[in-house]
Amino acid sequence: MLGCAHISTNHKHPTFVLCNINNNTTGLPSDGQIQHASEPSMSKLTRIVWLRSLRDRQILIFTAARIGGLAMKPLIIFVAASAGRDVFAERYALLISALASLFVLTGGQTHIDYYKRRFGANTLAIRHHYERYFGDSIIQFIAVLPFVALLAWAWTPETSLIALIVVLVGIEKFFDEDQRHFLFTKQYGRWSLNFGARVIVPSLIILPAIWLVTEPLILIYAGGSAVSFVLYLFVRRRHTRFHVRLFRRHLASITSQGRMVFKRFWVRWRSEYAFNQAWTFTSINIYLIDRFWVANASDLRLDVYVFFDSILKVAVVGHSLFYFTPRRPHLIKAETQPAAELLRIPNLALPALLCLGGVAIATGFTELMPDYRWIPFTMLAGMGFFYFLQAASLVMVEAVFWRASRRKLLTIDILSMALIFCLYLLLRPDLWAVPWIASIGVAARIAFYLFVSRTDMLSDRGCKSAS
């Protein structure tokens with residue numbers, strides 16, 4: 001049984017619904033299914049131990065895949081810099097930063113209604129809701145592609161990189177939809193296969209190519225991503241054939257009655273998805289403004305900045321795995337206080353330790369590697385503080401998410417991003433000051449979120465109990 005959360009798409013009054021997965025989608029017997037009175041107790045115990053050990057093994061693989069995937073991006077930049085491939089290192093850092101920024105545009109929250117049906121008590125017409133979710137996802141993806149290309153141009157004027165960003169956003173979209181399903185159904189082994197094809201295989205292709213192949217290496221990386229995607233589709237052939245049939249059917253529908261199809265989606269998107277999608281975009285990009293600024297500053301090296309940024313970002317992932325995720329169900333309850341969650345000692349101590357460790361590791365690189373000795377310690381300390389704020393605020397943001405209007409949260413994010421941009425434009429900071437200025441905007445965001453959660457709770461607009 002897996003507990004899951006459904007968020008109402010009413011941006012004024014977000015509500016919470018608990019649901020359970022009664023379907024056994026792993027292909028393995030459930031704990032309830034292995035309790036047969038006719039079997040001896042030792043057989044029952046053996047099967048329970050086997051099943052749980054298999055699940056534990058999948059979780060270990062899942063954790064190892066996440067950690068290994070995190071190491072790949074800074075490793076590629078480090079190897080490229082060591083091999084003297086500075087042009088590729090810069091373009092690769094730009095590509096992955098733009099992908100992280102723009103991919104979230106494709107997440108239109110179109111899955112919410114289907115997942116509510118799929119994993120809720122009301123399982124009627126699941127196929128119909130899945131087909132609508134699939135069709136909405138296609139339309140939403142087509143609709144946002146021009147905006148993806150336009151914002152990619154804001155990251156870089158290079159036409160070839162813009163084209164690669166648009167293509168890779170499409171590949172990322174497919175992988176992400178599968179990964180969400182695997183997380184909801186606790187299929188950690190399949191999630192790891194997906195993640196390996198999404199992140200690890202393209203990285204393993206480009207690493208030897210850095211030493212063996214001349215330019216354009218960025219095309220080889222993109223080609224490796226495409227090859228890995230095709231191999232993943234081949235491994236999951238049945239899954240692929242099913243989606244190809246659905247895609248053809250919906251494409252025919254769009255071709256024959258495109259205007260009506262888009263109009264129906266627009267009405268649904270405007271009333272159900274718009275504020276959730278906009279908030280998702282701003283909540284991710286507020287942590288990427290510093291990269292955007294460095295990418296557009298001719299005197300600052302983006303590859304170096306992204307390398308150290310990726311090392312410090314591990315603090316957020318570690319805190320999410322070991323504290324935020326286990327704590328997450330409690331954050332939905334009506335009695336939860338966002339400020340108290342933020343100030344809990346474990347919530348502050350763990351990211352502080354992780355960030356201090358990250359700063360120490362990053363400092364070690366600057367001491368041991370001649371190419372990085374010019375990096376100021378103040379920049380690394382600023383990155384540590386920046387990611388400490390991000391990690392520690394995870395629980396607070398989640399708690400506020402269930403209590404405040406999405407419109408208010410979106411407004412706060414836009415104002416916080418504008419504050420960071422204005423400070424960058426006014427101060428024209430050196431590299432060491434870039435993460436400190438970004439931290440000012442994140443701190444302002446935290447303060448405004450706490451204020452909004454407090455005022456909404458006082459006006460009796462908080463969420464209902466998750467009991």
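**The second largest pocket and the α2–α5 contact**

In this predicted model, the second largest pocket has a volume of about 1300 Å³. A pocket is an open set of points, on a 1 Å grid over the protein atoms alone, where a 1.4 Å probe fits, with protein on both sides within 12 Å along at least five of seven lines. The volume is the space filled by probe spheres set on the points. The pocket is lined by 37 residues (those with an atom within 4 Å of a point), and Y130, F134, F174, H239 and H243 are the closest to its centre. Two or more lining residues come from each of α3 (112-119), α4 (126-155), α5, α7 (217-235) and α8 (237-285); helices are DSSP runs of H or I of at least four residues, numbered from the N terminus. The largest share, 10 residues, is given by α8.

Helix α5 (residues 159-184) also meets helix α2 (residues 86-102): their axes, lines fitted to C-alpha atoms over the stretch in contact, come within 10 Å and cross at roughly 45°. The two helices are therefore oblique, a class for angles that are not under 35, over 145 or from 65 to 115 degrees. Contact (heavy atoms within 4.5 Å) involves R91, L94, L95, A98, L99 and L102 of α2 and S160, L161, L164, I165, L168 and V169 of α5.

Residues are numbered from 1 along each chain as its sequence is written. Local features need pLDDT of at least 70, side-chain atom pairs count only at pLDDT 80 or more, totals for chains, interfaces and linings use all residues, and side-chain values use heavy atoms, without hydrogens and water.

Key:
Axes fitted to C-alpha atoms, helices over the stretch in contact; angles between N-to-C directions.
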